[in-house]
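Work through the exercises below with the structure open. Try each task before reading its solution.

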Amino acid sequence: MRKNQIWILSSIILSSLLVFQLFAPLSRAVPSLYYSWTYKAGDLIESLAISDDGQYIVAASDDMNVYFFHLSSSTPLWSYKTGGVVESVAISSDGQYIVAGSDDTNIYLFTKTNSTPLWNYSTDGIVRKVVISSNGQYIAAGSGSKLYLFKYNSSTPLWSYNPGSAIRGVAISSDGQYIVAGCDNYMVYYFRQNSSTPLWSYTTGGVVQSVAISSDGQYIVAGSWDKRIYFFQQNSSTPLWSYETGNQIRNNELVAISSDGQYIVAGSWDQRIYFFQQNSSTPFWNYTTGNILNSVAIASNGQYIVAGGADNQLNLFGSSSATPLWSLTLDSAIGSVAVSSNGQNFVASSYMNVHYFDIGDDDNDGLSNCYENYITYTAPDNWDTDGDGYSDGWEIQNGYNPLSSLSNPTVIAILVAISVAIGLMVVLLIIKRKRKS
Ligand SMILES: [Ca+2]
Ligand SMILES: [Ca+2]
Ligand SMILES: [Ca+2]
Ligand SMILES: [Ca+2]
């Protein structure tokens with residue numbers, strides 16, 4: 001009888017262990033616990049940028065400040081107060097250089113280690129858009145009615161171009177050799193770094209507010225108030241194709257292109273997000289949101305898309321499907337989004353707030369890399385840090401310690417079994433003694 005009880009008990013323990021093991025290392029597209037933080041500025045956030053590796057973030061605010069963050073903390077590494085609303089910010093690939101454009105007419109260049117600008121330059125008006133080449137060597141800016149190009153080591157522009165009306169959209173290739181600009185006069189201009197005379201220009205049917213360029217400068221995309229998305233190759237001012245959406249493309253962050261120029265994303269005031277492959281003007285997919293779009297971004301590899309707008313919904317898509325991989329409702333309209341090169345780190349603004357997200361999960365244990373680095377202190381490259389057979393994510397979600405191999409259901413089951421067995425033996429002993437006496 002005692003043998004039978006022990007047998008039943010151990011089979012129950014064994015089978016529950018098997019069930020635990022089966023469910024422990026579940027893989028997910030987005031980890032169930034991801035890292036995020038929020039910083040609240042003094043006024044509306046106008047623009048956000050993130051370095052390629054997702055480590056550094058820069059924000060432009062109507063409170064006149066430029067804010068610079070490292071992903072490890074929602075407290076800025078530094079901030080700098082300009083003389084007006086900061087309209088636009090950009091960051092080099094490695095996070096080394098930061099550029100900002102303000103309503104005080106100035107362009108500011110910073111390095112990541114110092115809140116004092118390396119230099120600033122006063123333009124002819126409000127600076128609406130700034131960009132920096134991935135290598136940090138060239139800066140382009142659109143202001144009152146001019147496009148400016150700078151080299152990082154001098155506040156004197158290499159050249160400027162005056163189209164006679166405001167420049168709203170600017171983009172620059174990775175090496176800074178090619179620049180594209182969108183203008184209030186309905187034109188798209190394409191430049192080479194060595195000349196202020198455009199290589200070509202193209203007239204759309206409306207204000208061109210959003211432009212983007214592939215890393216090598218070969219492909220250009222533009223979004224216009226005429227509702228259309230235009231796709232160009234660098235050797236011709238005639239678009240390869242264009243596509244008419246249901247409403248205006250009316251913000252300066254509403255088109256984006258992957259590094260190789262193969263994938264294009266656009267957001268329209270028709271409330272839709274459009275995803276294109278380079279060779280076709282028919283969207284590969286589109287997704288209908290609940291309001292106008294304000295900002296879209298695409299990972300360099302073209303595999304992830306982040307988009308946000310006036311419906312407060314932040315959406316992350318994979319390139320293959322219009323069904324969001326992940327979405328989150330923020331507290332108010334999303335103004336700006338930016339994404340790291342692999343799509344695993346991104347930022348979004350909602351009114352005065354800057355939100356950072358890390359969803360990379362290299363070891364597939366259900367905890368994002370930064371969540372492991374900054375919250376649980378487990379290893380982001382080891383799904384079972386303490387080696388007890390239960391994944392880090394499963395342990396956290398079920399109340400065990402992922403850093404102690406003694407904290408897991410197996411050890412607890414064995415302890416329970418031992419106590420039950422001891423208990424049984426004591427009871428049996430007592431019964432035996434009572435029968436004897
Ligand atoms: Ca992980
Ligand atoms: Ca881990
Ligand atoms: Ca473990
Ligand atoms: Ca454990």
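A residue is buried if 20 or more other C-beta atoms lie within 10 Å of its own, exposed if 12 or fewer, and partly exposed in between. The model used here is predicted.

**Exercise 1. Classify Gln277 as buried, exposed or partly exposed, and describe its surroundings.**

Step 1. Locate the residue. Gln277 lies in strand S24, residues 272–277.

Step 2. Apply the cut-offs. Gln277 has 14 other C-beta atoms within 10 Å, so Gln277 is partly exposed.

Step 3. List the contacts. Leaving out residues up to four places away in sequence, Gln277 touches Gln262, Tyr263 and Phe284.

Step 4. Compare sequence with space. Ile264 is 13 residues from Gln277 in sequence, and their C-alpha atoms are 6.3 Å apart.

**Exercise 2. Give the strand order of the open sheet that contains S18, and find its edges.**

Step 1. Write the order. The four strands run S18-S19-S20-S21, with antiparallel pairing.

Step 2. Find the edges. Strand S18 (208–213) and strand S21 (241–244) each have a single partner strand, so one side of each has no neighbour in the sheet.

Step 3. Add the twist. Ignoring direction, neighbouring strands here are turned by 15 degrees against each other on average.

Step 4. Look at one pair. S19 (residues 219–224) and S20 (residues 228–233) pair over five bridges, in the antiparallel sense. Tyr219 stands opposite Gln233 in S20.

**Exercise 3. State which residues of helix H2 are buried and what they pack against.**

Step 1. Read along the helix. H2 covers residues 369–376, and its buried residues include Asn369, Cys370, Tyr371, Glu372 and Thr376.

Step 2. Find the partners. The buried residues of H2 pack against strand S1 (35–40), strand S32 (353–358) and helix H3 (392–397).

Step 3. Check what follows the helix. Tyr377 comes after H2 and has a positive phi, near 60 degrees.

**Exercise 4. Describe the largest nonpolar core through one of its members.**

Step 1. Size the core. It holds 116 residues.

Step 2. Pick out the members that touch the most others. They are Val89, Val99, Ala140, Val211, Val221, Val296 and Val337.

Step 3. Follow Val337. Beyond four places in sequence, its contacts include Leu48, Val296, Val306, Phe346 and Val347.

**Exercise 5. Describe how the two assigned domains meet.**

Step 1. Set the bounds. The domain assignment gives domain 1 as 1–34 + 383–437 and domain 2 as 35–359.

Step 2. Count the contact residues. Domain 1 supplies four and domain 2 supplies seven.

Step 3. Sort the domain 1 side by class. Its residues touching domain 2 are four nonpolar, with no polar and no charged ones.

Step 4. Add the separation. The C-alpha centres of the two domains lie 53 Å apart.

Terms used: Residues are numbered from 1 along each chain as its sequence is written. Chains are lettered from A and ligands numbered from 1 in the order in which they are written. This is a predicted model: local features need pLDDT of at least 70, side-chain atom pairs count only at pLDDT 80 or more; totals for chains, interfaces and linings use all residues. A nonpolar core is a set of buried Ala, Val, Leu, Ile, Met, Phe, Trp, Tyr and Cys residues joined through C-beta atoms within 7 Å. Domain bounds come from an automatic or database domain assignment. Ala, Val, Leu, Ile, Met, Phe, Trp, Tyr, Cys and Pro count as nonpolar, Asp, Glu, Lys and Arg as charged, and the others, Gly among them, as polar. Two strands pair if DSSP finds at least two bridges between them. Helices (H or I, at least four residues) and strands (E, at least two) are DSSP runs, numbered from the N terminus. Axes are lines fitted to C-alpha atoms, for helices over the stretch in contact, and angles run from 0 to 180 degrees between N-to-C directions.
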